[in-house]
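Welcome! Take a moment to look over the sequence and the model, and then we will walk through a few parts of it together.

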Amino acid sequence: VIEDAAHALGSFYPGGRKVGSCQHSLMTVFSFHPVKAIAAGEGGMITTNDTAIYRHLLRLRSHGINKLDDALELSSQALTDGVPNPWYYEVQELGFHFRITDIQCALGLSQLQKLEKFIGRRHELAARYDKAFASMRNVRAAQSDPHVRSARHLYVTSIDFDAIGRSRAELMLALRERGIGTQVHYIPVPAHPFYRRLGFRPEDYPRAMEFYRTCLSIPIYYALSDEQQQQVIDAFRELVG
């Protein structure tokens with residue numbers, strides 16, 4: 001099992017262990033895309049408890065080379081009179097160029113120290129949205145399970161567009177005119193041309209398509225002020241509520 005935890009940095013499993021401990025997976029993959037929980041610009045991170053996989057990943061990220069501590073296979077090329085040749089390295093398997101930059105790593109490490117604060121603020125914002133939407137008839141939080149352990153990367157609403165008399169596109173444009181950016185997360189995989197050509201049909205996944213039909217993500221990020229969030233809530237009361 002390879003666990004996609006792109007949105008989940010800093011979150012916890014129901015049992016209390018951190019996502020990334022690989023309690024349920026061979027490896028866990030995180031994203032450092034600019035809008036994720038910490039700012040590193042791009043790149044990502046993989047965690048694993050499996051030593052063989054860890055060493056395999058080190059090679060995959062850098063052209064099949066691990067200069068750190070891989071045992072060298074060709075001693076006749078690696079050594080001169082029993083002493084390691086200072087220039088020598090080995091490509092021991094097919095690898096790629098998947099290295100995150102040192103500058104991004106330094107930024108990411110500094111941001112990790114603030115992760116708890118970042119997620120705490122996201123929880124505050126989400127709680128305010130929950131409270132505001134509880135009194136509105138045509139919109140609700142799309143993810144209604146308890147969020148105590150979530151990283152709250154997104155706040156996704158579910159909207160009855162038929163009831164409000166606006167299409168999703170119309171609502172997004174009306175919100176944009178008020179300076180509020182929104183997005184749809186995400187278009188279901190079977191709806192994309194590539195997967196349709198492979199034989200997948202959106203109608204075979206009615207729950208995913210129903211979620212897609214009604215969902216809209218609204219602003220939630222650490223720097224969102226209470227005043228800015230109130231503008232979002234007020235706009236929803238006017239346009240949706």
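How many disulfides does a search of the whole structure find? The search finds zero disulfides. Keep in mind as we go that this is a predicted model.

**The cysteines**

Let us see why Cys22 has no partner. A disulfide needs two cysteine sulfur atoms within 2.5 Å. The closest cysteine sulfur to that of Cys22 belongs to Cys105, and at 19 Å it is too far away for a bond. Cys105 is likewise in no disulfide, since its nearest cysteine sulfur is the one in Cys22, 19 Å away. The table shows how accessible these two residues are.

| Residue | Relative accessible area | Class |
|---|---|---|
| Cys22 | 9% | buried |
| Cys105 | 30% | partly exposed |

**Helix H4**

Now find helix H4, which covers residues 115-133. H4 has 19 residues and reaches 27 Å from its first C-alpha to its last, close to the 27 Å expected at 1.5 Å a residue.

Which residues of H4 are buried? They are Leu115, Phe118, Ile119, Arg121, Arg122, Leu125, Ala126, Tyr129, Ala132 and Phe133. If you look down the axis of H4, these buried residues fall within an arc of 155°, so they line one face of the helix. On the other side of H4, you will find Glu116 and Lys131 exposed.

What do the buried residues of H4 pack against? Their partners are two helices, H3 (102-112) and H9 (226-239), along with the strands S6 (139-141), S7 (155-159) and S8 (215-218).

**A glutamine in helix H3**

One of these partners, helix H3, holds Gln111. Gln111 is buried, with a relative accessible area of 11%. Leaving aside residues up to four places away in sequence, Gln111 touches Ile38, Ala39 and Phe118. You have met Phe118 already, among the buried residues of H4.

**Strands S7 and S8**

Strands S7 and S8 are also on the list of H4's packing partners. S7 and S8 run antiparallel, and four bridges join them. To see the pairing for yourself, find Val156, which stands opposite Ser217 in S8.

Which way do the residues of S8 point? In a regular strand, side chains alternate between the two faces of the sheet. Here Cys215 and Ser217 point one way from S8, while Leu216 and Ile218 point the other way. Are these four residues buried or exposed? All of them are buried.

Technical notes:
Residues are numbered from 1 along each chain as its sequence is written. This is a predicted model: local features need pLDDT of at least 70, side-chain atom pairs count only at pLDDT 80 or more; totals for chains, interfaces and linings use all residues. Side-chain values use heavy atoms; hydrogens and water are left out. The expected span of a helix is 1.5 Å times one less than its number of residues. Buried means under 20% relative accessible area, exposed over 50%, partly exposed in between (1.4 Å probe, protein chains only). The arc is that of the directions from the helix axis to the C-beta atoms. Contact means heavy atoms within 4.5 Å. Two strands pair if DSSP finds at least two bridges between them.
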